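I opened the structure to look up how the strands are ordered and what packs against them. My entries follow.

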Amino acid sequence: MGQLEAKVIAVTGAGGGMGKKVVENLLAEGATVVALDINTESLSSIENENIRVKAINLLDENSIQQTFKEIFNEYNKLDGLVNIAGIAQSAKPITEVELSEWHKIMDINATAIFLTSREAVRYMKEAKNGSIINIGSVSVTRPRPGLQSYVASKGAVEAFSKALALEAAPFNIRVNVVHPGPADTQMLGQFSSQQAGEVELNKDIFAESVPLGRLINPADISATVTHLLTDGAQIITGAVIHVDGGRSI
Ligand SMILES: NC(=O)c1ccc[n+]([C@@H]2O[C@H](COP(=O)([O-])OP(=O)(O)OC[C@H]3O[C@@H](n4cnc5c(N)ncnc54)[C@H](O)[C@@H]3O)[C@@H](O)[C@H]2O)c1
């Protein structure tokens, strides 16, 4: 029997490198997964009767409200929310960053987490049960030059998560942050200012920045996310967990 049998869990960014692996892990542990992403193409290869895939733009407040209403109407509960969706920033000096770019990064990386968490908490409060996991970034602890907007958005994720953890604790809702180190997904190359072709080289540079000597895999992230959703983690809240091979040291 899986560790997440009978649990209903919503995952944003489900179609991405980390998201898809998290979805697969949760399904393998017996959960019912509502997989949310603006681009759901990669999820079509998952064959499992317990997955519901929904295309959604997390910048759209109404769609988010409607989606969580539908989830609750169908399952009458929501045990977990994993906020994975995010976008990178192409590294550049602050003097070259348009205000619109700052807003876009803040909206997807931080505001969307506020919106999905607000709807999830509405339902979790009644059940006096819930686990929310927000994906941040090791760059909050160890910033890189030129990523000021991205780092600020992920700093907001950490601060928001701690504040919500305290606020929601009386309702037995747990809120935790996972900060991945440089991870082997298509996003990694997007942090570079360089053009395509240098991605492989950058992969080596990123891997060398990790004391354990390799990039983080989606499987590393999904293992920690899965644990935080299980009853084994029922006393863990407000935690900031680095899954980064020591990069934050
Ligand atoms: N890859 C890394 O090196 C790294 C390191 C630290 C943190 N992170 C964080 O991990 C998370 C997952 O990253 P990943 O590497 O899997 O990247 P990814 O690009 O593969 O996945 C991100 C997903 O978010 C979705 N998304 C973006 N904007 C959206 C929107 N408006 N509405 C709905 N969905 C939207 C994308 O479609 C994509 O599927 C992100 O929050 C990222 O910031 C990544």
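I looked at the sheet first and found seven strands in an open sheet, in the order β3-β2-β1-β4-β5-β6-β7, with parallel pairing; strands pair if DSSP finds at least two bridges between them. Since β3 and β7 (240-243) stand at the edges with a single partner strand each, one side of each is left without a neighbour in the sheet. The twist averages 15° from one strand to the next.

I note that this is a predicted model, in which local features need pLDDT of at least 70 and side-chain atom pairs count only at pLDDT 80 or more, while totals for chains, interfaces and linings use all residues. Residues are numbered from 1 along each chain as its sequence is written. Helices (H or I, at least four residues) and strands (E, at least two) are DSSP runs, numbered from the N terminus.

At the β7 edge, I found four bridges joining β6 (residues 173-180) to β7 in parallel, with Pro180 opposite Val243.

I then looked up the helices, taking contact as C-beta atoms, placed from the backbone, within 7 Å. Helix α1 packs on the sheet, touching β1, β2, β3 and β4, and its direction makes about 170° with that of β2; α7 touches β1, β4, β5 (130-135), β6 and β7, at about 170° to β6. These angles run from 0 to 180 degrees between N-to-C directions, with axes fitted to C-alpha atoms, for helices over the stretch in contact.

Nine of the 12 residues of α1 are buried, so the helix is largely enclosed by the rest of the structure; buried means 20 or more other C-beta atoms within 10 Å of a residue's own.

Definitions and conventions: Contact = placed C-beta atoms within 7 Å.
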